[in-house]
Amino acid sequence: MNESGTEGPDTMQEVVELWTDGACKGNPGPGGWGVLMRSGAHEKTLHGGEMATTNNRMELMAVIQGLTALKRSCTVTIHTDSQYVMKGMTEWLANWKRRGWVTADKKPVKNAELWRMLDEQVSRHRVSWRWVRGHAGDPGNERADQLANQGVEEARRGRAA
């Protein structure tokens with residue numbers, strides 16, 4: 001707030017919406033991640049891939065990469081079709097951290113290094129989570145899915161080169 005009691009430009013956070021998705025051809029196998037970012041009239045897409053990965057790793061990477069691309073703290077709504085990512089961040093993470101990155105049945109948390117990276121990125125922003133049903137016509141999710149599949153194809157081509 002400024003002296004007049006109103007929010008000035010320095011206190012207002014940019015509002016960003018992210019649609020994220022991961023894809024894997026075989027699990028494990030070649031995989032990709034995709035992100036559609038929107039802020040006002042601006043839109044940006046990101047994608048990438050790896051040759052030997054899992055679907056869950058790619059779902060996590062999509063959100064990590066999307067948040068990392070934001071250069072300053074923002075108010076972010078993340079749209080994901082991944083129950084794994086959504087529940088991990090909203091239900092499981094606090095207990096994993098409290099227990100030293102082990103699950104309730106005393107096993108190491110899978111993909112712990114990615115969960116740590118995601119937790120670090122989330123802490124930079126004001127984040128809310130929205131689950132969307134995959135392949136059900138949500139335009140942002142469909143676009144993120146296309147980008148993730150593009151990441152798979154580029155990873156495959158990179159291996160052949």
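Biologist: In which loop is His135 found?

Modeller: His135 is found in the loop between strand E5, residues 126–131, and H4. Please keep in mind that this is a predicted model.

Biologist: Is His135 buried or exposed there?

Modeller: His135 is exposed, because its relative accessible area is 59%, and the cut-off for exposed is over 50%. Its backbone also deserves a remark: phi of His135 is near 55°, a positive value in a residue other than glycine.

Biologist: Which residue in the loop between helix H2 and helix H3 should I look at?

Modeller: Lys106 has its place in that loop, between helix H2 (83–98) and helix H3 (112–122). Lys106 is not a glycine, yet it has a positive phi of about 70°. Lys106 is exposed, with a relative accessible area of 66%.

Biologist: And which peptide bond is cis?

Modeller: The bond from Asn27 to Pro28 is cis, with omega near 15°. Pro28 is in the loop that lies between strand E1 (14–24) and strand E2 (29–39).

Biologist: Let us step back. How many helices and strands are in the chain?

Modeller: The chain has four helices and five strands. Read from the N terminus, their order is β-β-β-α-β-α-α-β-α.

Biologist: What radius of gyration does the chain have, and what would a compact globule have?

Modeller: The chain has a radius of gyration of 17 Å, and a compact globule of 161 residues would have one near 15 Å, which agrees. The C-alpha trace spans about 60 × 40 × 30 Å along its principal axes.

Biologist: What percentage of the residues count as buried?

Modeller: Of the 161 residues, 44% count as buried. The accessible surface of the chain comes to about 8900 Å², and carbon and sulfur atoms account for 50% of that surface.

Biologist: What about contacts between residues at least 6 apart in sequence: how many join residues at least 24 apart?

Modeller: Of those contacts, 66% join residues at least 24 apart. Ala148 offers an illustration from helix H4. The C-alpha atoms of Ala148 and His47 are separated by 6.1 Å, although the two residues are 101 residues apart along the chain.

Biologist: Which residues does Ala148 touch, leaving out those up to four places away in sequence?

Modeller: Ala148 touches Asp21, Gly22, Ala23, Gly32, Trp33 and Gly34. Ala148 is buried, with a relative accessible area of 0%.

Biologist: What is the situation of Glu153 in helix H4?

Modeller: Glu153, also found in helix H4, residues 139–160, counts as partly exposed because its relative accessibility is 34%. Glu153 and Val35 are 118 residues apart in sequence, and their C-alpha atoms are 16 Å apart in space.

Biologist: Changing topic, what covers the buried residues of H3?

Modeller: The cover includes H1, H2 and E5. The buried residues of H3 are Ala112, Leu114, Trp115, Leu118, Asp119, Gln121 and Val122.

Biologist: And which residues are buried in H1?

Modeller: In H1 the buried residues are Met58, Glu59, Leu60, Met61, Ala62, Val63, Ile64, Gly66 and Leu67. Helix H1 covers residues 55–68, and its end C-alpha atoms are 20 Å apart, which agrees with the 20 Å that 14 residues should span at 1.5 Å a residue.

Biologist: Finally, how far apart are the mean positions of the positive and negative charges?

Modeller: The mean positions of the 22 positive and 20 negative charges are 7 Å apart.

Key: Residues numbered from 1 in each chain as written. Predicted model: local features only at pLDDT ≥ 70, side-chain atom pairs only at ≥ 80, totals over all residues. Heavy atoms only, no water. Helix = DSSP H or I, 4+ residues; strand = E, 2+ residues; numbered from the N terminus. Rg over C-alpha atoms; globule rule 2.2 N^0.38 Å. Buried < 20%, exposed > 50% of the residue type's maximum accessible area, 1.4 Å probe, protein only. Contact = heavy atoms within 4.5 Å. Areas by Shrake-Rupley, 256 points an atom, 1.4 Å probe, with all protein chains shown as cover. Lys, Arg positive; Asp, Glu negative; His and termini not counted. Charge placed at Lys NZ, Arg CZ, Asp CG, Glu CD. Expected span 1.5 Å × (residues − 1).
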